[in-house]
Amino acid sequence: MSSHSIGIYGGTFNPIHLGHIGAASEVRDYLQLDELRMVLSATPPHRKPPEVLAENRFLLLQAALQQYPRLIADDCELQRQGPSYMVDTLRAIRQQGAHRDSSVLLILGAEAFSSFMSWQHWQDIIKCAHIVITTRAGFSDQLGDSLNDYIEPYITTDKSQLKQLTHGKIYQLPVSAIDISATEIRRRLKTNEPVEQMLPENTWALIHQHGFYTR
Ligand code: ATP
């Protein structure tokens, strides 16, 4: 049994919204993780650069998590140069002496996992962490043949293995459907439609104060 468990929930968080927070909180509670780190993808490798700078997206994330103290805002990808590759984040955690024997769980929505094979050194990710795949409202749970073939040897339905082993398992976990996306929030902000129900209050206040996403 590993002594400590760390969930890693990565995202562009452009901006952070209640869909991210709901899914991360449910995984944390259901798997009884010791920590859940929300890792901001500062320079996302697979999309065009977000219009709001990483430093400002991180401010929005920090503001949001003041209301959710069991989730930690993690700026480790802001501290590195170049594209924000998840494999580098996971390797860095593993290299910290304190976390050599921790269970590390990378949490991904099914739609994010569907492009997994295009990620930098994707085969190494399972050597550093377990992968928890969550459902996402509005997206199919079907992963495609090559991903299904890939996950088969790693898949487990026994959540206790995620604590017994430090890495190397894939677990599918349905979460409550919250049909929110950052794309929809950005669209609404540009057209002056309401978004208050989709965001933590502190995040909405900062977006409003700075006029983010409206130009
Ligand atoms: P965008 O619309 O800009 O693509 P997004 O809302 O999909 O953004 P990301 O930062 O790209 O957010 O997603 C980070 C992670 O959060 C991914 O693993 C994604 O599957 C998950 N996620 C995003 N929105 C939801 C939601 N409403 N419910 C559950 N998971 C979500």
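This text goes through the pairing around one strand and then the aromatic contacts of a predicted model.

Strand β1 covers residues 5-11, and 6 of its 7 residues are buried, so the strand counts as mostly covered under the cut-off of 20% relative accessible area. Two other strands pair with β1. One is β4, residues 103-109, which runs parallel to β1 and is joined to it by 5 bridges. Within this pairing, Gly 7 has Leu 105 of β4 as its bridge partner. The other is β2, residues 35-40, which is linked to β1 by 6 bridges, also in the parallel sense. Here Ile 8 is matched with Arg 37 of β2. Between β1 and β2 the chain passes through helix α1, residues 18-31, and this β-α-β crossover is right-handed.

The aromatic side chains come next. The model has 7 aromatic pairs. In one of them, Tyr 150 and Tyr 154 lie 5.3 Å apart, centre to centre, with 50 degrees between their planes, and the pair is tilted. The pair is tilted rather than stacked or edge-to-face because its angle falls neither under 30 degrees nor over 60. Tyr 150 has a relative accessibility of 12% and so counts as buried. Tyr 154, at 26% relative accessible area, is partly exposed, because buried requires a value under 20% and exposed one over 50%. Both tyrosines belong to one aromatic cluster, together with Phe 113, Phe 116, Trp 119 and Trp 122.

A further contact involves a charge and a ring. The charged end of Lys 159 is placed over the ring of Tyr 30, at 4.1 Å from the ring centre.

Key:
Residues are numbered from 1 along each chain as its sequence is written. This is a predicted model: local features need pLDDT of at least 70, side-chain atom pairs count only at pLDDT 80 or more; totals for chains, interfaces and linings use all residues. Side-chain values use heavy atoms; hydrogens and water are left out. Buried means under 20% relative accessible area, exposed over 50%, partly exposed in between (1.4 Å probe, protein chains only). Helices (H or I, at least four residues) and strands (E, at least two) are DSSP runs, numbered from the N terminus. Two strands pair if DSSP finds at least two bridges between them. A crossover is right-handed if, with the strands pointing away from the viewer, the path from the first strand over the helix to the second runs clockwise. Rings of Phe, Tyr and Trp (its six-membered ring) pair if their centres lie within 6.5 Å; planes under 30 degrees apart count as stacked, over 60 as edge-to-face and the rest as tilted. A charge sits over a ring if NZ of Lys or CZ of Arg is within 6 Å of the ring centre and within 35 degrees of the ring normal.
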